[in-house]
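Reader: I should like to go through this structure by question and answer. Please let each reply lead to the value or name requested.

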Amino acid sequence: MTTTAFLGLGAMGFPMAAHLARRASAQGGRALVWNRTAARAADHAARHGSEAVDLGAAAQADVLLTCLPTSAEVDEVLAALQPHLRPGTVWVDCTSGHPEAAARQRALLAEVGVTFLDAPVSGGTNGAQAGTLTVMVGGDEAALRRVEGELAFAGKVVHVGGSGTGFAVKAVNNALLAVNLWAAGEGLAVLGRAGVDLGAALNVINASSGRSNASENLIGQRVLSREFPATFALGLLAKDAGIAAELTATVKGSAPVLAQVAALMRGAAGVVGPEADHTAALKLIEAMNGLELR
Ligand code: NDP
């Protein structure tokens, strides 16, 4: 019987932990949950049959999972948990974290016999609800294989290399999301100023070589619709693009477009607000071009 503990019931963590609760109830295991704002954990327990616990109890789990905004919050939770941890636990950090933090966290946890895997996810809140997330994992592959079956929110699990590589892949993936989103926004702004109907333009682009996930899904559903549903915060995308830019410097690489998109996302978060949906970054392009993308 496996006990999991999920820490951080935010937009992603809440539905991810619901899959763990369903699996525990089918397999006879236990699914513990903890959240900084305790009412959210109580709500999770009431809705999904998980058990809301304190950090000391969560530390006793066989598999500990975290999904927090950044590696800084993971550091805080790690410090609070450390006295309670027990050898043999595998810590699966689904935060879109920093590769350098993974090295530090892995080493700290190894001292108490806990294995740390950086395991960020992609697929958004829809993927979290559907249980179809892609998990990109860095760290000990044998430990991953031991706990892989517990990742009930996953549609695909890929071991990408040693510690920190999961965070690195996630940061670059999201930097590419930012590039595609921003570039599509610029292109549509130019077409809007030229008097072209943007719905028609998007229709053509999505049947042509300029398409991307941003043009096919995000811009129609979130920007042209003017809905900007807040499922993935602009501040978090700015953080991810920033990690990709820092990684470029660490490896002494050359990636000027990634550096620029990190600065653009930071600037957009400053202007539009970090809590806005990431697609609201395009409001900055709208202001720059004196039009609305609709
Ligand atoms: P949310 O802001 O919705 O949730 C953040 C969670 O972290 C909440 O449970 C919050 O608790 C908790 N938290 C914040 N600060 C602290 C702290 N100091 N100590 C303990 N807990 C804290 O974020 P998301 O769920 O959207 O994102 C989580 C991670 O997943 C991020 O790294 C993000 O980049 C990544 N991600 C997000 C996706 C998305 O579509 N939203 C998609 C893929 C990855 P409280 O309820 O008390 O505020």
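The exchange below concerns a predicted model and takes up its domains, its ligand shell, a helix and a loop residue.

Reader: Which domains does the domain assignment of the chain give, and how many residues does the contact take from each?

Author: The assignment divides the chain into domain 1 (3–162) and domain 2 (168–289). Residues of both domains take part in the contact. The number is twelve residues from domain 1 and twelve residues from domain 2.

Reader: What distance separates the centres of domain 1 and domain 2?

Author: The centres are taken over C-alpha atoms. On that basis, the separation between domain 1 and domain 2 is 29 Å.

Reader: How many nonpolar, polar and charged residues has the side of domain 1 that touches domain 2?

Author: Charged residues are absent from this side of domain 1. The remaining classes are six nonpolar and six polar.

Reader: Where does the ligand lie with respect to domain 1 and domain 2?

Author: The shell around the ligand receives residues from domain 1 (3–162) and also from domain 2 (168–289). Because both domains contribute, the ligand lies between them.

Reader: Which residues come nearest to the ligand, and which element gives the most to the shell?

Author: Of the 25 residues around the ligand, the nearest are Gly10, Ala11, Arg36, Thr37 and Phe232. Two or more residues of the shell come from each of helix H4 (71–81), strand S7 (121–122) and helix H6 (124–130). With three residues, the element that gives the most is H4.

Reader: How is the shell around the ligand divided by class?

Author: The shell includes four charged residues. The other classes are eleven polar and ten nonpolar residues.

Reader: How many residues of helix H11 are buried?

Author: Helix H11 covers residues 234–250 and reaches 24 Å from its first C-alpha to its last, close to the expected 24 Å. A residue counts as buried if 20 or more other C-beta atoms lie within 10 Å of its own. H11 is mostly covered, and its buried residues number 13 of 17.

Reader: Which residue just after H11 takes a positive phi?

Author: The phi in question is about 55°. The residue that takes this value is Lys252.

Reader: Is Glu275 buried or exposed?

Author: Glu275 is placed in the loop between helix H12 (256–272) and helix H13 (282–289). Leaving out residues up to four places away in sequence, Glu275 touches Ala230, Ala233 and Gly235. Because Glu275 has 12 C-beta neighbours inside 10 Å, the residue counts as exposed.

Methods:
Residues numbered from 1 in each chain as written. Predicted model: local features only at pLDDT ≥ 70, side-chain atom pairs only at ≥ 80, totals over all residues. Helix = DSSP H or I, 4+ residues; strand = E, 2+ residues; numbered from the N terminus. Expected span 1.5 Å × (residues − 1). Near = placed C-beta within 6 Å. Nonpolar A, V, L, I, M, F, W, Y, C, P; charged D, E, K, R; others polar. Domains from an automatic or database assignment. Contact = placed C-beta atoms within 7 Å.
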